[in-house]
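User: Please take a close look at one part of this model for me. Start from the surroundings of a single acidic side chain, then work outward to whatever pairs and packs beyond it.

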Amino acid sequence: MSDNYFEVVKIFGEHLIEKNVLKKYPTVINAGVHQGQEMFDLMDIVEDVKIYALEPSRRCYESAYSQFKGYENINFIKKAIVGSNRKGNVEFTDFLSNGKYYDYGGLQDLSEFRSNGETYEVQTTNIKEMVNNINSDIGFFKADIEGAEYEIIMDFDEEISNKIKQIAIEIQDIPNKSYFECKKDMIEKLESLGYVVYTHQDGDINNDKESTVIINGIEFNTGGLYAIKKEEIND
């Protein structure tokens, strides 16, 4: 993979994106909007980018929606995104820590947070429904969704991967599976579908599957994964 070179930048300080791919396919699924600051970065790359912004947390949704409600190209969706094989609701918890609100949901164990916050059920949409309802290729799929990243990636198939050109997600451990097991499974899945995959963990590019070419020497702050379709590199 060291022979591959393309123009990647960081958005919101941690997620990678190839700008020319976004310009070619100016549609984004932004799963886990939180405060929404990365959407300014996306609009700096493509002013009229179409963003499907998913945020199930009540407090994060209210904050992001109030900030971006005037942008016609942002479609807010107050749901959690899950894998293709799951339906129904999911539990979410908002809690206050050091004066800031945080949220936990997806597949992570919430027990340590529930006593300090408000837990409630939120509606879900699955990745297959989401992709099928978008009538264009998707230049960027970003997910920071508290452990549900794993089931979504593992439910990718050729139909989904043919539409999604690049991916940036956090890697998190889930019940009964470690960070490293999740990472291995997701890498193998995405590579089988024609993606080139790069990962990072805590800025340590020496002890992980990493390329100094793609990141241009930039260190990372959190563990994550970036994937891009091979044909987009070779275009």
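Analyst: Two residues are in contact when heavy atoms of theirs lie within 4.5 Å. Keep in mind that this is a predicted model.

Start with Glu232. This residue sits in helix H10, residues 230-234. Is Glu232 buried or exposed? Its relative accessibility is 10%. Buried means under 20%, so Glu232 counts as buried. What does Glu232 touch, once residues up to four places away in sequence are set aside? The list is Val21, Lys24, Tyr25 and Lys165. With Tyr25 there is also a polar contact: the two side chains come to 2.9 Å.

Compare a second glutamate, Glu159. Its place is in helix H7, residues 158-163. Glu159 counts as partly exposed because its relative accessibility is 42%. Beyond four places in sequence, Glu159 touches Lys128 and Asn132. Its side chain makes a polar contact of 3.1 Å with the side chain of Lys128. Asn132 is 27 residues away along the chain, yet the two C-alpha atoms are separated by 9.0 Å.

Now the strands. Take E12, residues 166-170. Five of its five residues are buried, so E12 is largely enclosed by the rest of the structure. In a regular strand, side chains alternate between the two faces of the sheet. E12 shows two sets: Gln166, Ala168 and Glu170 point one way, while Ile167 and Ile169 point the other way. Note that Glu170 and Gln166 are among the buried residues here.

Which strands pair with E12? One partner is E11, which runs parallel to E12 and is joined to it by three bridges. Another is E14, residues 224-229, which runs antiparallel and is joined by five bridges. In the E12-E14 pairing, Glu170 stands opposite Gly224. In the E11-E12 pairing, Phe141 has Ile167 as its bridge partner.

Move on to E11, residues 140-143. Phe140 and Lys142 point one way. Phe141 and Ala143 point the other way, and all four are buried. E11 also pairs with E3, residues 27-31, in the parallel sense over four bridges. There, Ala31 stands opposite Ala143. E11 thus has pairings with both E3 and E12.

Phe141 deserves its own stop. Leaving aside neighbours within four places in sequence, Phe141 is in contact with Ile29, Ala31, Ile127, Ile152, Phe156, Ile164, Gln166, Ile167 and Ala168. Nonpolar side chains tend to be buried together in soluble globular proteins. The largest nonpolar core here has 35 residues. Phe141, Phe156, Ile164 and Ile167 are the ones with the most contacts inside that core. Helix H8, residues 179-192, gives the most to this core, with five residues. Apart from this core lies another, of 20 residues, which includes Ile17, Val28, Ile45 and Ile51.

Ile45 leads to helix H2, residues 38-45. Glu38, Met39, Leu42, Met43 and Ile45 are buried in H2. Viewed down the axis, these residues fall within an arc of 155°, so they line one face of the helix.

Helix H3, residues 58-68, follows a similar theme. Its buried residues are Cys60, Tyr61, Ala64 and Phe68. Their arc around the axis is only 100°, which puts them on the same side of H3. The background is simple: an α-helix has 3.6 residues a turn, so residues three or four places apart point the same way. At the start of H3, a side-chain oxygen of Ser57 reaches to within 3.3 Å of the backbone nitrogen of Cys60.

Last, the cysteines. Cys60 counts as buried because its relative accessibility is 3%. Cys182 also counts as buried, at 0%. How many disulfides does the whole structure hold? A search finds zero.

Terms used
Residues are numbered from 1 along each chain as its sequence is written. This is a predicted model: local features need pLDDT of at least 70, side-chain atom pairs count only at pLDDT 80 or more; totals for chains, interfaces and linings use all residues. Side-chain values use heavy atoms; hydrogens and water are left out. Buried means under 20% relative accessible area, exposed over 50%, partly exposed in between (1.4 Å probe, protein chains only). Two strands pair if DSSP finds at least two bridges between them. A polar contact is a pair of N or O atoms within 3.5 Å; within protein, one must be able to donate a hydrogen and the other to accept it, and residues adjacent in sequence count only if both atoms are side-chain atoms. A disulfide is a pair of cysteine sulfur atoms within 2.5 Å. The arc is that of the directions from the helix axis to the C-beta atoms. A nonpolar core is a set of buried Ala, Val, Leu, Ile, Met, Phe, Trp, Tyr and Cys residues joined through side-chain atoms within 4.5 Å.
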